[in-house]
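Q: Please take a close look at one part of this model, the loops between the helices and strands. Set them against the core and the pocket, and keep the language plain.

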Amino acid sequence: MKERGSNSFILNGDEPLIEFRGADIANDTNLVLGNVSFTLGCGEFAYLVGKVGSGKSSIIKTIIAELPLASGFARVGEFNLAKLKRKQIPFLRRKIGVVFQDFQLLMDRSAEQNLLFVLEATGWKNRREMNEKVEQVLHMVGMDTKAHKMPHQLSGGEQQRIAIARALLNDPQLILADEPTGNLDPDTATEIMDLFTKIHREQSPAVIMVTHNRDLVKRYPARTMICENETLSELNMEIEVDFSEIF
């Protein structure tokens with residue numbers, strides 16, 4: 001039986017899910033972003049935009065503890081990133097669903113086997129419960145009939161739906177989507193965005209979505225943060241924004 005425990009990601013329900021204060025983010029010794037301060041509330045949806053190389057993915061990597069915090073304070077759920085021990089990193093990541101631009105599916109396994117592999121890796125033991133969970137998330141992303149398909153038998157949009165299903169397996173309170181529509185045609189990108197908004201509406205995870213797709217940001221408006229000039233700031237979405245100047 002998988003150890004259930006509490007699903008809560010934070011110690012106090014009134015606290016933001018993510019909190020950065022005066023945080024410096026560096027890649028090796030090179031400062032990427034300095035004095036980063038922002039919060040993300042439970043169930044909140046936010047875009048992260050900016051030009052290529054501006055630091056968007058570095059923020060995502062810091063949140064999942066792939067990049068260590070250079071200085072300052074950062075907290076994700078109950079995990080203090082400045083004091084995070086290596087042995088705690090897997091437990092942090094189990095609370096977060098991550099969706100990548102390039103899908104990152106295991107090409108030698110079917111869609112169903114890709115999902116079962118993640119459940120096994122995160123401590124699930126009961127095969128019946130595992131099969132039920134896989135069936136549930138496949139239904140959520142509209143891929144019920146494609147469980148036994150190999151990744152190469154699926155379209156790009158279908159592969160991304162499987163990747164989203166994978167991110168949902170452990171009922172995350174936070175989903176990080178790093179350019180999830182970057183490799184998709186416009187119509188498929190819209191379908192995937194519709195799916196994200198449906199999941200956000202029905203499951204209420206907090207979502208940070210990195211994107212270069214200005215049309216999606218206009219069509220699905222939400223809180224928008226921008227990486228530029230080696231720091232992070234927030235756009236005022238109540239005024240007309242010229243996204244061509246941003247990304």
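A: What follows starts with the core and the pocket and then goes through the loops one at a time.

The model is predicted. Its largest nonpolar core has 44 residues. Among those with the most contacts inside this core are Tyr 47, Leu 115, Ile 162, Ile 164 and Leu 168; Phe 196 and Met 209 belong to that group as well. Several elements give two or more residues to the core, including strand S3 (45-50), helix H3 (111-121), helix H4 (127-140) and helix H5 (156-168). Further along the chain, strand S7 (174-178), helix H6 (186-203), strand S8 (206-210) and helix H7 (214-219) do so too. H6 gives the most, with 6 residues. In soluble globular proteins, nonpolar side chains tend to be buried together.

Leu 168 shows what such contacts look like for a single residue. Leaving out residues up to four places away in sequence, Leu 168 touches Lys 133, Val 137, Met 140, Val 141, Ile 175 and Ile 199. There is also a second, separate core, which has 36 residues. Leu 67, Leu 84, Leu 92 and Met 225 are among them.

Next comes the pocket. The largest pocket holds about 640 Å³ of space. It is lined by 22 residues, of which Arg 93, Ile 96, Val 98, Val 118 and Arg 166 are the closest to its centre. Helix H2 (89-93), strand S6 (96-100), H3 and H5 each give two or more residues to the lining. Sorted by class, the lining has 13 nonpolar, 5 polar and 4 charged residues.

Now the loops. The loop between S6 and H3 contains Gln 101 and Phe 103. Phe 103 has a positive phi of about 70 degrees, although this residue is not a glycine. Phe 103 counts as buried because its relative accessible area is 10%, under the cut-off of 20%. Gln 101 has a relative accessible area of 29%, so this residue is partly exposed.

Gln 101 also leads to another loop. In sequence, Gln 101 and Asp 178 are 77 residues apart, but their C-alpha atoms are 6.0 Å apart in space. Apart from residues up to four places away in sequence, Gln 101 touches Gln 160, Asp 178, Glu 179, Gly 182 and Asn 183. With Asn 183 there is a polar contact between the two side chains, at 3.0 Å.

Glu 179, one of the residues that Gln 101 touches, lies in the loop between S7 and H6. Its phi is near 55 degrees, a positive value in a residue other than glycine. Glu 179 is buried, because its relative accessible area is 10%.

The loop between H4 and H5 holds Leu 154. This leucine has 7% relative accessibility and therefore counts as buried. If neighbours within four places in sequence are set aside, Leu 154 is in contact with Met 143, Lys 146, Lys 149, Gln 159 and Ile 162. Ile 162 was named above among the core residues with the most contacts. Leu 154 and Ala 111 are 43 residues apart along the chain, and 9.2 Å separates their C-alpha atoms.

Asp 171 is in the loop between H5 and S7. With a relative accessible area of 48%, Asp 171 is partly exposed, because that class runs from 20% up to 50%. The side chain of Asp 171 makes a polar contact of 2.7 Å with the side chain of Lys 133. Lys 133 is also one of the residues that Leu 168 touches. Pro 205 is 34 residues from Asp 171 along the chain, and the C-alpha atoms of the two are separated by 8.5 Å.

The last loop is the one between S8 and H7, where Thr 211 is placed. Thr 211 counts as buried because its relative accessibility is 2%. A polar atom of the Thr 211 side chain lies 2.9 Å from the backbone nitrogen of Asn 213. Arg 94 is 117 residues away from Thr 211 in sequence, and the two are 23 Å apart in space from C-alpha to C-alpha.

To sum up the loop residues, Phe 103 is buried, Glu 179 is buried, Leu 154 is buried and Thr 211 is buried. Gln 101 is partly exposed, and Asp 171 is partly exposed.

Terms used. Residues numbered from 1 in each chain as written. Predicted model: local features only at pLDDT ≥ 70, side-chain atom pairs only at ≥ 80, totals over all residues. Heavy atoms only, no water. Core = buried A, V, L, I, M, F, W, Y, C linked by side-chain atoms within 4.5 Å. Buried < 20%, exposed > 50% of the residue type's maximum accessible area, 1.4 Å probe, protein only. Helix = DSSP H or I, 4+ residues; strand = E, 2+ residues; numbered from the N terminus. Contact = heavy atoms within 4.5 Å. 1 Å grid on protein atoms, 1.4 Å probe; cavity = no way out; pocket = protein on both sides within 12 Å on 5 of 7 lines; lining within 4 Å. Points joined across faces, edges and corners; volume = space filled by probe spheres on them. Nonpolar A, V, L, I, M, F, W, Y, C, P; charged D, E, K, R; others polar. Polar contact = N/O pair within 3.5 Å; in protein donor to acceptor, adjacent residues only side chain to side chain.
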